[in-house]
Amino acid sequence: MSGVRNPSGVVMSRVRAVADPNDLTAIFIDLNGLDTSCEEKLWALTPDQRAAVIAPGIYVQNVRNPVTAVLSRIQNVLDGAHAIGGKGGRGGAGAAAAAAPWRPVASPSSSSSGSSERRRRRRRRR
């Protein structure tokens, strides 16, 4: 596997191709040290939902608490979003940002109190 940017990713894609989804779920639970409550919620999902929870990565990394991260993934999948969050296509902005009308940002001259305050702060720093 020399020349591969992410060797562990290649191995996991090969494992996913041959592993039974239930075995993959069991590996996910053991690898991340999930507690009984989280494990039960994961097993209660449909096989497709479990696959969506596992899809961002079999090993939950860069989090303080893997159980909380997996529970968040589960909730996101149940809500119809991606496991990591967001509905996709909007860069995480979601429906609220898409529904909100665009409004131009006020220029500094239109807000006299704000610009005056900024000028005062700049003078104090000098």
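Which residues are buried in α4? In this predicted model, the buried residues of α4 are R50, V53 and I54. They lie on the same side of the helix, because the arc they cover around the axis is only 95°. These buried residues pack against four other helices: α1 (7–18), α2, α3 and α5.

The overall fold gives the setting for α4. The protein contains 7 helices and 0 strands. Read from the N terminus, the order of elements is α-α-α-α-α-α-α. The protein has 126 residues, and 21% of them are buried. Among contacts with a separation of 6 or more, 49% join residues 24 or more positions apart.

The largest nonpolar core was examined next. This core holds 18 residues. F28, L34, L42, V53, I58, V70 and I74 have the most contacts inside it. At least two core residues come from each of α2 (21–32), α3 (36–43), α4 and α5 (66–78). Helix α5 gives the largest share, with 5 residues. In soluble globular proteins, nonpolar side chains tend to be buried together. One of the core residues with the most contacts, I58, has a wide set of partners listed here without residues up to four places away in sequence. I58 touches M12, R16, L24, I27, F28, L31 and N32.

Charged residues are also found among the buried ones. R50 belongs to helix α4, which spans residues 47–54. R50 is buried but forms no salt bridge. The nearest side chain of opposite charge is that of D20, and it is 7.6 Å away. A salt bridge requires a distance within 4 Å, so D20, at 7.6 Å, does not form one with R50. R50 does have a polar partner: its side chain makes a polar contact with the side chain of N22, at 3.2 Å. Beyond its neighbours within four places in sequence, R50 is in contact with N22, T25, L42, W43 and L45. L42 is also listed among the core residues with the most contacts.

A second arginine, R73, lies in helix α5. R73 counts as buried because its relative accessible area is 7%, below the 20% limit. Leaving out residues up to four places away in sequence, R73 touches F28, V53, I54, P56, G57, V60, A83 and I84. Two of these partners, V53 and I54, are buried residues of α4. R73 and G85 are 12 residues apart along the chain, and 7.4 Å separates their C-alpha atoms.

Two asparagines show opposite settings. N32 sits in helix α2. N32 is buried, with a relative accessible area of 7%. A polar atom of the N32 side chain lies 3.0 Å from the backbone oxygen of F28. Residues up to four places away in sequence aside, N32 touches I58, Y59, V60 and P66. N62, by contrast, is placed in the loop between α4 and α5. N62 counts as exposed because its relative accessibility is 81%, above the 50% limit. The phi angle of N62 is near 60°, a positive value in a residue other than glycine.

Conventions. Residues are numbered from 1 along each chain as its sequence is written. This is a predicted model: local features need pLDDT of at least 70, side-chain atom pairs count only at pLDDT 80 or more; totals for chains, interfaces and linings use all residues. Side-chain values use heavy atoms; hydrogens and water are left out. Buried means under 20% relative accessible area, exposed over 50%, partly exposed in between (1.4 Å probe, protein chains only). Lys and Arg count as positive and Asp and Glu as negative; His and the chain ends are not counted. A polar contact is a pair of N or O atoms within 3.5 Å; within protein, one must be able to donate a hydrogen and the other to accept it, and residues adjacent in sequence count only if both atoms are side-chain atoms. Contact means heavy atoms within 4.5 Å. A nonpolar core is a set of buried Ala, Val, Leu, Ile, Met, Phe, Trp, Tyr and Cys residues joined through side-chain atoms within 4.5 Å. The arc is that of the directions from the helix axis to the C-beta atoms.
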